[in-house]
Amino acid sequence: MADSTKPNRAAEAAVAAHYALLLGIKSPWQVRRVDLKLTSNRVEVDVEHDPEAAVACPECERSCARYDHAPQRQWRHLDVMQFATIIRARVPRCQCPEHGVVTAQVPWAEPHGRFTLMFEAFALTVIEAARSYTQAMEILKVDWHTIQEIVRRAVERGLSRRSTEAVKHVGMDEKSFGRGQDYVSLMTDVGGRRVLDVVKDRDTASALKLWECLPAPQRDRVEAVAIDMSPEFTAAAQQSARHAVIVYDKFHVAKHLNEAVDKVRREEHRRLLERGDKSLTGSKYLWLQGACPDGDRALSFAELCARNLKTSRAWYHKETFTEFWAQPSAKRAAKFFQQWFGAARRSKLEPIKKTALTLKTHLFGLLNYFAHPITNAISEGFNSKIQAIKADARGFRRFENYRYRILFHCGKLDLRPAIS
């Protein structure tokens with residue numbers, strides 16, 4: 001009577017060889033068993049290390065004698081047809097003369113990873129292309145924590161590979177994190193158009209920590225840093241980048257002037273309303289942006305200016321200052337500023353006078369723009385993407401998750417695992 005187990009063993013061996021080919025399993029590793037679970041749409045592939053082969057130390061790659069096996073682990077792989085594929089193995093440990101007892105490195109996954117290299121690479125493509133992380137979860141059939149772990153590992157991988165040698169101009173800015181006065185500080189590579197790092201808070205200690213994303217020798221090679229006029233960013237830049245020129249960001253200067261104009265408008269609007277005059281009603285964005293969203297105002301901009309309102313005079317000083325940035329040299333800009341400053345201080349508009357004094361105090365940083373014409377425009381450009389990240393997550397409980405998301409989408413990192 002023929003042995004009926006032989007065809008089964010032959011079929012099992014053929015299936016094992018097939019999966020070894022699909023998964024790229026090579027000697028000294030081999031597929032021993034494939035368990036197809038139809039009810040749960042799952043394939044479990046048992047892999048083992050050749051008991052006769054030496055074990056390579058993961059630290060120095062020296063061939064060592066086997067010591068024992070670590071407990072069984074499993075890794076999620078790409079689906080085969082509609083079946084979730086799981087690789088299972090007991091990884092051997094070796095006793096290295098230099099590094100002691102260590103666990104061998106498997107060829108299909110990175111150390112401490114729960115996914116194969118191919119699955120992580122595919123997951124990263126899905127996460128980048130998906131409209132939201134919720135959509136990526138549905139496609140990959142994983143939970144939120146798995147998505148976050150893949151993102152974290154990808155960012156750490158990218159940071160370990162990142163080069164900062166070409167960084168000459170950086171920008172520092174603040175972004176809101178939570179509710180109220182909850183902020184983070186962000187550093188960008190102006191030339192590379194990428195986020196370098198994000199730290200919690202916006203005080204001097206946080207700003208100093210932010211500079212640590214650049215190696216100490218690289219900080220000395222930074223030529224200029226674009227910042228707002230906060231003393232915290234200024235102090236951190238002076239302490240961390242000794243040779244960097246401080247350039248006060250012209251977009252933040254415009255923000256200060258806009259705020260001054262709006263203060264004048266609010267006060268004047270209150271006084272006009274007391275007399276029943278609604279001329280300035282709904283005009284906020286007209287003075288700040290040159291147009292009203294609704295476009296349905298009783299008086300046109302020209303008519304408002306013709307009334308010689310305090311708001312129109314404040315607006316004139318704000319608009320005049322834009323010519324400062326168009327001057328052909330720092331010398332001409334300094335002369336222009338003195339003329340503008342004199343007119344602003346004589347304006348009898350307290351918010352404008354106060355802002356003019358602030359700009360004069362920081363004039364050296366404004367004039368540095370003409371030697372290093374950099375701004376934080378790249379940081380402002382990331383605002384919409386960062387807001388989309390926050391909206392998708394419906395806010396963040398942990399700052400670290402917020403940081404990883406920003407670096408994942410805005411850091412221009414090499415995120416994918418190396419697949420041989």
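**Exercise 1. Two helices in contact**

Task: In this predicted model, determine which residues of helix H11 meet which residues of helix H12, and how the two helices are oriented to each other.

Solution.
Step 1. On the side of H11, the residues involved are His317, Thr320 and Phe321. Their partners in H12 are Phe336, Phe337, Trp340, Ala343 and Ala344.
Step 2. Two packed helices are described by the angle between their axes and the distance between the axes.
Step 3. H11 comprises residues 310-321 and H12 residues 330-345; their axes come within 11 Å and cross at roughly 175 degrees.
Step 4. Angles over 145 degrees count as roughly antiparallel, and H11 is therefore roughly antiparallel to H12.

**Exercise 2. The nonpolar cores**

Task: State how many residues the largest nonpolar core has and which of them have the most contacts inside it. Then list what Trp211 touches.

Solution.
Step 1. The largest nonpolar core has 56 residues. Trp211, Phe321 and Trp340 are those with the most contacts inside this core.
Step 2. Once residues up to four places away in sequence are set aside, Trp211 touches Val170, Met172, Met187, Arg219, Val222, Val225, Ala236, Ala237, Ser240 and Ala241.
Step 3. A separate, second core has 35 residues, including Leu140, Val151, Phe382 and Tyr404.

**Exercise 3. The two sides of helix H7**

Task: Identify the buried residues of helix H7, the exposed residues on the face turned away from them, and the elements that cover the buried side.

Solution.
Step 1. Helix H7 spans residues 231-240, and its buried residues are Phe233, Thr234, Ala236, Ala237 and Ser240.
Step 2. Around the axis these residues cover an arc of only 165 degrees, so they lie on the same side of H7.
Step 3. An α-helix has 3.6 residues a turn, so residues three or four places apart point the same way.
Step 4. The face turned away from the buried side carries the exposed residues Pro231, Gln238 and Gln239.
Step 5. The cover over the buried residues of H7 includes strands S10, S11, S13 and S14, together with helices H5 and H6.

**Exercise 4. Helix H3 and the residue after it**

Task: Find the buried residues of helix H3 and describe the backbone and exposure of Lys141.

Solution.
Step 1. In H3, residues 133-140, the buried residues are Tyr133, Ala136 and Leu140.
Step 2. Viewed down the axis of H3, they fall within an arc of 50 degrees, so they line one face of the helix.
Step 3. Lys141 follows H3 and is located in the loop between H3 and helix H4.
Step 4. Most residues other than glycine have a negative phi, and most peptide bonds are trans.
Step 5. Lys141 is not a glycine, yet its phi is positive, about 60 degrees.
Step 6. With a relative accessibility of 61%, Lys141 counts as exposed, the cut-off being over 50%.

**Exercise 5. Two further backbone features**

Task: Describe the phi of Asp201 and the peptide bond from Ser27 to Pro28, and locate Asp201 and Pro28.

Solution.
Step 1. Asp201, a residue other than glycine, has a positive phi near 75 degrees.
Step 2. The position of Asp201 is in the loop between strand S12 and helix H5. Its relative accessible area is 35%, and Asp201 is therefore partly exposed.
Step 3. The peptide bond from Ser27 to Pro28 is cis, with omega near 10 degrees.
Step 4. Pro28 belongs to the loop between helix H1 and strand S1.

**Exercise 6. Cysteines and disulfides**

Task: Explain why Cys213 and Cys410 are too far apart for a bond.

Solution.
Step 1. A disulfide requires two cysteine sulfur atoms within 2.5 Å.
Step 2. The cysteine sulfur closest to that of Cys213 is in Cys410, 15 Å away, which is too far for a bond.
Step 3. Starting from Cys410, the closest cysteine sulfur is that of Cys213, again at 15 Å.
Step 4. The search of the whole structure accordingly gives zero disulfides.
Step 5. Cys213 is buried at a relative accessible area of 14%; Cys410 is buried at 2%.

**Exercise 7. The surroundings of Arg114**

Task: Locate Arg114 and name its contacts.

Solution.
Step 1. Arg114 is in the loop between strand S9 and helix H2 and is partly exposed, at 43% relative accessible area.
Step 2. Beyond its neighbours within four places in sequence, Arg114 contacts Gln74, Trp75, Arg76, Thr146 and Glu149.
Step 3. Arg114 and Arg76 are 38 residues apart along the chain, but their C-alpha atoms are separated by 6.5 Å.

How values were computed:
Residues numbered from 1 in each chain as written. Predicted model: local features only at pLDDT ≥ 70, side-chain atom pairs only at ≥ 80, totals over all residues. Heavy atoms only, no water. Buried < 20%, exposed > 50% of the residue type's maximum accessible area, 1.4 Å probe, protein only. Helix = DSSP H or I, 4+ residues; strand = E, 2+ residues; numbered from the N terminus. Arc of directions from axis to C-beta. Core = buried A, V, L, I, M, F, W, Y, C linked by side-chain atoms within 4.5 Å. Contact = heavy atoms within 4.5 Å. Axes fitted to C-alpha atoms, helices over the stretch in contact; angles between N-to-C directions. Parallel < 35°, antiparallel > 145°, perpendicular 65-115°, else oblique.
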